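This briefing concerns the pairing of charged side chains, and it is meant to be read with the sequence and the model side by side.

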Amino acid sequence: MIFKTKDFYVDLVEKEDLEDIVEVYNSNTIFLKSHLEIDKVTSKRLYNELEIMKQDDFHSYKIIKKDTNEIVGFIDFKIDNETYLSLLMLHNKYKNKDIGKSIYKVLEKYVKSLKSYYIRIDVVTNYDNNVINFWRKNGFNSIKDIKLNWGDKILSAVIMKKKL
């Protein structure tokens with residue numbers, strides 16, 4: 001276990017977790033359409049993506065509900081002086097229940113304990129305004145507009161940062 005909240009804990013994604021992580025991805029159909037222009041991801045695609053991320057020192061962690069041991073989401077990040085949060089995604093049925101906020105708050109404490117001074121996230125701007133508002137409510141500021149390469153697609157995004 002990497003870190004935990006009262007009801008959830010976060011631990012490294014293992015190969016046997018791929019089907020559950022695929023289910024989380026596939027429950028977010030609007031995300032898949034806007035970011036990847038696909039309806040579903042496969043275990044093979046996800047496995048390849050995780051391997052590429054590992055080469056760049058990013059790691060994927062599952063978010064597990066303590067009372068049921070159900071994987072309800074995942075979080076990808078790379079810890080450094082400036083931690084890069086690549087993605088925080090919850091299964092669609094767990095959204096808008098403050099789970100993302102509580103997971104983010106313990107992530108923040110965790111990376112701060114490892115001497116990270118900032119957290120950065122690149123947020124796609126033409127996807128869902130609730131996402132940008134979520135990060136603003138959690139203390140992030142918009143730094144600059146960028147073009148983000150997501151697979152074969154180029155998306156408009158904004159770099160957001162928070163000083164810890």
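**Salt bridges and burial**

Both D17 and K62 are buried, and in this predicted model the two residues form a salt bridge whose closest N and O atoms are 2.7 Å apart. The count of salt bridges in the model comes to ten, and the points below take up this pair together with two others, K33 with D39 and E37 with K153.

**The buried pair**

- The salt bridge between D17 and K62 joins distant parts of the chain, since D17 lies in the loop between β2 (8-12) and α1 (18-27), whereas K62 belongs to strand β3 (residues 59-65), 45 residues apart.
- D17 and K62 are each classed as buried because the relative accessible area of a buried residue is under 20%.

**A partly exposed pair**

- The side chains of K33 and D39 meet in a salt bridge, with 2.6 Å from N to O.
- K33 has a relative accessible area of 47% and is therefore partly exposed, and D39, at 49% relative accessibility, also counts as partly exposed.

**A pair of mixed exposure**

- E37 and K153 meet through their side chains in a salt bridge of 3.4 Å, N to O, and this pair likewise links distant parts of the chain, with E37 in the loop between α2 (29-36) and α3 (43-55) and K153 in strand β8 (residues 153-163), 116 residues apart.
- E37 is exposed because its relative accessible area of 59% is over 50%, whereas K153, at 21% relative accessibility, counts as partly exposed because buried means under 20%.

Technical notes. Residues are numbered from 1 along each chain as its sequence is written. This is a predicted model: local features need pLDDT of at least 70, side-chain atom pairs count only at pLDDT 80 or more; totals for chains, interfaces and linings use all residues. Side-chain values use heavy atoms; hydrogens and water are left out. A salt bridge is a side-chain nitrogen of Lys or Arg within 4 Å of a carboxyl oxygen of Asp or Glu. Helices (H or I, at least four residues) and strands (E, at least two) are DSSP runs, numbered from the N terminus. Buried means under 20% relative accessible area, exposed over 50%, partly exposed in between (1.4 Å probe, protein chains only).
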